[in-house]
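Got your viewer open? Have the selection box ready, and we'll walk through this protein one stop at a time.

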Amino acid sequence: MTLILSGHSYKYELESVLKLFIPATRFSFVYDGEDYSHITGDRIIAEKREDTDGVVFCVSCFIKEKSETETQELDVKNIPADGGEFILSKLLFTVLRRITVLTPEWGVITGVRPVKRVNEMLDFGYTESEIKSRLMSDFLVSEHKADIAIKTANGQRSILSSVKDNSFSLYISIPFCPTRCSYCSFVSQSVDKALNQVDDYVNNLLSEIDYTAKIVKRLGLLLDTVYIGGGTPTVLSAVKLRSVMTKISECFDTSHIREFTVEAGRADTITKDKLIAIKECGANRISINPQTLNDSVLKAIGRKHTAKDFYSSFYLARQEGFDVINTDLIAGLPTDTPESFRGTVDGILKLAPENITVHTLSVKRASNINLNSQLDVLRNPAGEMVEYATKTLSENGYSPYYLYRQKNMVGNLENIGWEKGGTQSLYNIFIMEESQTVIALGAGASTKLVDKKDRRIERVFNYKYAVDYNRNFDLMLKKKDEIEGFYLNA
Ligand code: SF4
């Protein structure tokens with residue numbers, strides 16, 4: 001498949017739209033000014049040309065004996081600020097919809113934060129019905145997805161307005177797992193392979209906490225939420241978990257903290273002594289993630305625990321006094337079926353966790369699933385699964401509180417965090433809506449500095465892998481000084 005760009009250079013956006021309909025395919029490109037008269041196979045010509053009356057945008061698709069063309073002409077004075085990139089994206093979406101008979105429900109919204117767009121429109125004073133009609137007519141979003149995006153944004157409004165300008169969230173990365181799940185593309189390494197890195201890693205992390213806390217103190221920033229994620233943080237021993245969490249409370253002023261989450265993650269790492277350590281060190285939210293309650297699917301994705309192990313961990317966490325528990329599920333896992341997924345959702349509901357996050361499988365290039373081509377992304381039943389989860393969770397009193405999309409999600413769907421009884425995770429909302437600075441420590445972590453007043457966002461990246469983090473630690477620590485630079489230049 002060749003994408004031919006003529007009269008413009010909107011490669012990124014058009015390729016993103018193309019991937020909605022034709023995933024997991026490598027495309028060839030012909031750039032503006034290059035001759036494409038010899039290209040005869042499956043191809044798309046996206047053209048922008050000026051004539052005497054204005055500018056003509058035209059997309060023609062020739063795919064497997066079928067062809068479709070859409071054209072739009074605009075007077076020069078009506079050319080939008082982006083030069084027409086969005087117009088060409090919509091024309092491309094329209095012709096591909098006709099040729100493939102597929103209708104991606106998020107329309108031409110290819111970015112990861114559709115709810116942020118809704119929040120911006122609410123800030124501008126649009127009514128809900130105006131937002132809905134804009135999402136549906138301008139962005140070609142389905143009515144169902146427009147409704148859930150608006151509902152999610154509405155649920156976030158009071159939380160977003162509670163964010164103080166000088167507040168921040170702290171993210172701590174523990175990039176180790178007991179084994180690697182087949183769908184994983186994170187930087188996480190199995191502890192078997194990285195065992196020799198763990199001690200140095202924790203020691204370095206303690207130094208990074210110390211160093212960063214001094215910067216934060218000089219800047220007068222207030223710690224609002226803490227999230228220890230991974231990887232699987234509970235792969236660390238109770239002693240090491242305690243040392244990391246104690247270091248946080250020793251170095252930072254914790255008197256303003258509204259939420260402290262530890263992502264326990266996998267049942268095969270959760271023990272009573274670790275839960276006690278987590279609780280005693282101040283966490284008030286924990287995540288225990290089965291992904292599915294079907295043992296054969298758990299085996300297929302390379303997780304070395306069973307549904308029974310998950311239940312035991314969940315009950316143990318309740319027994320130890322955790323009253324806000326999140327459980328992550330994934331729709332579209334290899335070998336899973338709609339019936340089995342319904343069983344998972346129903347089984348989780350019986351436990352009544354405060355938060356349930358329903359992810360859709362995202363197939364990244366670096367994952368084992370993709371490498372082994374175990375998945376047919378177009379015939380995946382994830383859409384049916386997500387629909388069941390949305391309907392059933394809504395009927396059981398859960399509300400969507402954060403929503404995001406990732407590249408290469410099967411069915412071009414989304415991830416939704418659901419909550420009951422006002423227990424939404426503040427951190428998850430802040431990170432997705434980019435409404436607060438998140439200072440991130442550890443390997444694979446990226447700090448996002450947010451200045452809402454001047455609408456500035458800057459990122460500071462740590463080394464991706466634990467081995468590089470350990471090896472170049474002193475150098476990396478110096479990068480933390482960029483936090484100070486960002487605030488002092490405000
Ligand atoms: S638990 Fe999460 S981070 Fe760890 S291997 Fe599985 S998907 Fe990756």
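Here's a tour that begins with the whole chain and then moves to one sheet and a few odd backbone spots.

**The whole thing**

Keep in mind that you're looking at a predicted model. Colour it by secondary structure, and you'll have 17 helices and 18 strands to look through. Now turn the protein around: the C-alpha trace spans about 75 × 55 × 45 Å along its principal axes. Does that fit a compact globule, or not? For 490 residues, a compact globule would have a radius of gyration near 23 Å, and the protein has 24 Å, so the two agree. Buried residues account for 41% of the 490. The chain also brings distant parts of itself together: of the contacts between residues at least 6 apart in sequence, 74% link residues at least 24 apart.

**The five-stranded sheet**

Next, select residues 2-6, which are β1, and 28-30, which are β2. Add 43-51 for β3, 54-63 for β4 and 66-74 for β5. What order do these strands take in the sheet? Reading across, you get β2-β1-β3-β4-β5, in an open sheet with mixed pairing. The edges are β2 and β5, each of which pairs on one side only. Ignoring direction, neighbouring strands are turned by 10° against each other on average.

Now bring in helix α1, residues 11-21. This helix packs on the sheet and touches β1, β2 and β3. Its direction makes about 145° with that of β1. Then show helix α2, residues 85-100, which lies across β3, β4 and β5. Compare α2 with β4 and you'll find an angle of about 30°.

**Two hairpins in a row**

Hide the helices for a moment and zoom in on β3 and β4. These two strands run antiparallel and are joined by nine bridges. They form a hairpin, with two residues between them. To see one of the bridges, click Ile44: its partner in β4 is Cys61.

Slide along to β4 and β5. This pair is antiparallel too, again over nine bridges. Select Cys58 and you can find its bridge partner, Thr71, in β5. Another bridge to look at is Ile63 with Lys66 of β5.

While the strands are on screen, try showing their side chains. In a regular strand, side chains alternate between the two faces of the sheet.

**Odd backbone spots**

Stay with the hairpin of β4 and β5, which has two residues between its strands. There, Lys64 takes a positive phi near 45°. Glu65, in the loop between β4 and β5, has a positive phi of about 70° although it is not a glycine. Is Glu65 buried or exposed? It's exposed, with 6 other C-beta atoms within 10 Å.

Jump ahead to Glu434, in the loop between α14 (426-433) and β16 (437-441). Glu434 isn't a glycine either, yet its phi is positive, at about 50°. With 15 C-beta neighbours inside 10 Å, Glu434 counts as partly exposed.

For the last stop, select Gly230 and Gly231. The peptide bond between them is cis, with omega near 15°. You'll find Gly231 in the loop between β9 (222-230) and α7 (238-251).

Note on methods
Residues numbered from 1 in each chain as written. Predicted model: local features only at pLDDT ≥ 70, side-chain atom pairs only at ≥ 80, totals over all residues. Helix = DSSP H or I, 4+ residues; strand = E, 2+ residues; numbered from the N terminus. Rg over C-alpha atoms; globule rule 2.2 N^0.38 Å. Buried ≥ 20, exposed ≤ 12 C-beta atoms within 10 Å, placed from the backbone. Contact = placed C-beta atoms within 7 Å. Pairing = 2+ DSSP bridges. Axes fitted to C-alpha atoms, helices over the stretch in contact; angles between N-to-C directions.
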